[in-house]
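Here is a walk through one model, with a few buried side chains first and some helix packing after that. Have the viewer open and follow along.

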Amino acid sequence: MAGRRRVSGFSVVALCLLLVALVGCGGRTATDPSPADVQRVLDRRAAAVLAHDAAAYARTGTGTGFGNLSAIPLAAWSYRVRGVERSGDTATADVELRYRVQGYDRGPVSAGRTVRLSRDGTAGTWTVDSDRPAKESGQQPWDQGAVEVVRGTHSLVLGVGQSTTALRRFADLADRAVPAVSDAWDGDWSRRVVVVVPRSLEGMAGLLGSPASSYRGIAAVTTGETGGREHAPADRIIVNPDAYGLLGSLGKQVVLTHETTHVATRADTTSATPLWLSEGYADWVGYRGSGRTAAQAAPELADAVAEGRVPARLPTDEDFGFTADADALARAYEGGWLACRMIAEQWDEDRLDAFYRSVGTHDDRAGAVEDALHEVLGTTPDDFTARWRAYLRTRLG
């Protein structure tokens, strides 16, 4: 109030000093939850999860969902508060959840969560009302219901809404996939996989934080971070039970082996690795030893070659988009597979592994394939493409 020095007998300075004791002059009230206040509540909540202590968990707020995750063998579980907004006696916290599955994850899975809290008017304490996936984040399995766990020799299967018998079949397939991948891939990897089987396609989409239409017809995907060993701590094979259930026995095994290959090669897969190589290599391992001919495993590309439509180039990353035409998507996968199959046959399998790793050592895409073709295979992009096109004619014509 410009020009006024006193208010109702109190100096402005004195009034401000009096208010400091209550709210701080211009500051937050004493009952506002700071990030530290919320962090303390969530730290107690995390400790309760790791201790399997339902009572301690309930003392931090809602106990909803605690039983859904109790069967998961956890090695670590923690929260990091990134921000808090208050509205009256409620607050919303932006939180990062980090957790590791015992014996399977080299590093933590990270997931964004939105945690809503309320204040107890009597005690003045803050407790959790809900803990849900953040707007741009996918669900975790326990967000969809009680998680059943089936252990295999080399696998851990987390299922929601699936029978124990069905989950055991997934464990058996994964247990065959892991040795098959280890026999083909000579790189260092954990030789264990975590397979997540939701109730339906919609459940799969929820875990991935995407519309169900993006994955219709896709039997499974593998989630994980590329960019080198330190950025590849925890992969998950997520199954679409609707599409997977339509496959025959060989198809089911090929899919699980394909996805397991992505887990094995993750540390050597970077932004420099084109999809024709990462997907083609995974298919090569999946079909390796199956006895399937090129024409049997690549029917869409075989039809195109028979009609004289031999691709002029290797598939681009855009060709692998899930929204692409189904036949075009199939031809992209088949073209990448046959490129890797050609390397294994015309050079050898060790050179194929070395080529894969060499591409991944580059910082970006530019020049990565060209350098690896020269250094590992002693060829050029033009020569390699010409050999690949001739290989398609020979194997599919």
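Which backbone oxygen lies 3.1 Å from a polar atom of the side chain of Tyr 104? Keep in mind that this is a predicted model. The oxygen belongs to Ser 155.

**Tyr 104 and its surroundings**

Look for Tyr 104 in the loop that runs between strand E4 (90-101) and strand E5 (109-119). With a relative accessible area of 10%, Tyr 104 falls under the 20% cut-off and therefore counts as buried. Leaving out neighbours up to four places away in sequence, Tyr 104 contacts His 154, Ser 155 and Leu 156, along with Arg 192, Val 193 and Val 194. Take Arg 192 from that list: 88 residues separate Tyr 104 and Arg 192 in sequence, yet their C-alpha atoms are 6.4 Å apart in space.

**Glu 96 in strand E4**

Strand E4 also holds Glu 96. Is Glu 96 buried or exposed? Glu 96 is buried, at 10% relative accessibility. Its side chain makes a polar contact of 2.6 Å with the side chain of Ser 110. Besides Ser 110, Glu 96 touches Ser 78, Tyr 79, Arg 80, Arg 82 and Ala 111, again setting aside residues up to four places away in sequence.

**Asn 240 in a loop**

Next, go to the loop between strand E11 (236-239) and helix H6 (241-244), where you'll find Asn 240. Asn 240 has a relative accessible area of 1%, so it counts as buried too. A polar atom of the Asn 240 side chain lies 3.4 Å from the backbone oxygen of Tyr 215. Beyond four places in sequence, the residues that Asn 240 touches are Leu 201, Met 204, Tyr 215, Gly 217, Ile 218, Ala 219 and Ala 220.

Here are the polar pairs from these three spots together:

| Side chain | Partner | Distance |
|---|---|---|
| Tyr 104 | Ser 155, backbone oxygen | 3.1 Å |
| Glu 96 | Ser 110, side chain | 2.6 Å |
| Asn 240 | Tyr 215, backbone oxygen | 3.4 Å |

**Helix H4 and its partners**

Now for the helices. Two packed helices are described by the angle between their axes and the distance between the axes.

Start with H4 (residues 164-184) and H7 (residues 249-265), whose axes come within 8 Å and cross at roughly 55°. That angle makes H4 and H7 oblique to each other, and their crossing is right-handed. On the H4 side, the contact is made by Phe 170, Leu 173, Ala 174, Arg 176, Ala 177, Val 178, Ala 180 and Val 181. H7 brings Lys 252, Gln 253, Leu 256, Thr 257, Thr 260, Thr 261 and Ala 264. Sorted by class, the contact of H4 with H7 has nine nonpolar, four polar and two charged residues.

H4 packs against H8 (residues 275-287) as well, with axes that come within 9 Å and cross at roughly 115°. H4 is therefore roughly perpendicular to H8. This crossing of H4 and H8 is right-handed. Which residues of H4 meet H8? They are Ala 180, Val 181 and Ala 184, and they meet Tyr 281, Trp 284 and Val 285 of H8. The contact of H4 with H8 divides into six nonpolar, no polar and no charged residues.

**H11 against H12**

Further along the chain, H11 (residues 326-346) and H12 (residues 349-360) have axes 6 Å apart and pack at an angle of about 130°. That makes H11 oblique to H12. Cys 340, Ile 343 and Ala 344 of H11 make the contact with Glu 349, Leu 352 and Phe 355 of H12. By class, the contact of H11 with H12 has five nonpolar, no polar and one charged residues.

**Two positive phi angles**

A couple of backbone details are worth a click. His 52 isn't a glycine, but it has a positive phi of about 55°. You'll find His 52 in the loop between helix H2 (35-51) and helix H3 (54-58). Arg 191, also not a glycine, has a positive phi of about 60° and is found in the loop between H4 and strand E9 (193-197). At 33% relative accessibility, Arg 191 counts as partly exposed.

**The whole chain**

Zooming out, the protein has 14 helices and 11 strands. Of its 397 residues, 47% count as buried. Among contacts between residues at least 6 apart in sequence, 62% join residues at least 24 apart.

Conventions:
Residues numbered from 1 in each chain as written. Predicted model: local features only at pLDDT ≥ 70, side-chain atom pairs only at ≥ 80, totals over all residues. Heavy atoms only, no water. Helix = DSSP H or I, 4+ residues; strand = E, 2+ residues; numbered from the N terminus. Buried < 20%, exposed > 50% of the residue type's maximum accessible area, 1.4 Å probe, protein only. Polar contact = N/O pair within 3.5 Å; in protein donor to acceptor, adjacent residues only side chain to side chain. Contact = heavy atoms within 4.5 Å. Axes fitted to C-alpha atoms, helices over the stretch in contact; angles between N-to-C directions. Parallel < 35°, antiparallel > 145°, perpendicular 65-115°, else oblique. Left-handed = near helix turned anticlockwise from the far one by under 90°. Nonpolar A, V, L, I, M, F, W, Y, C, P; charged D, E, K, R; others polar.
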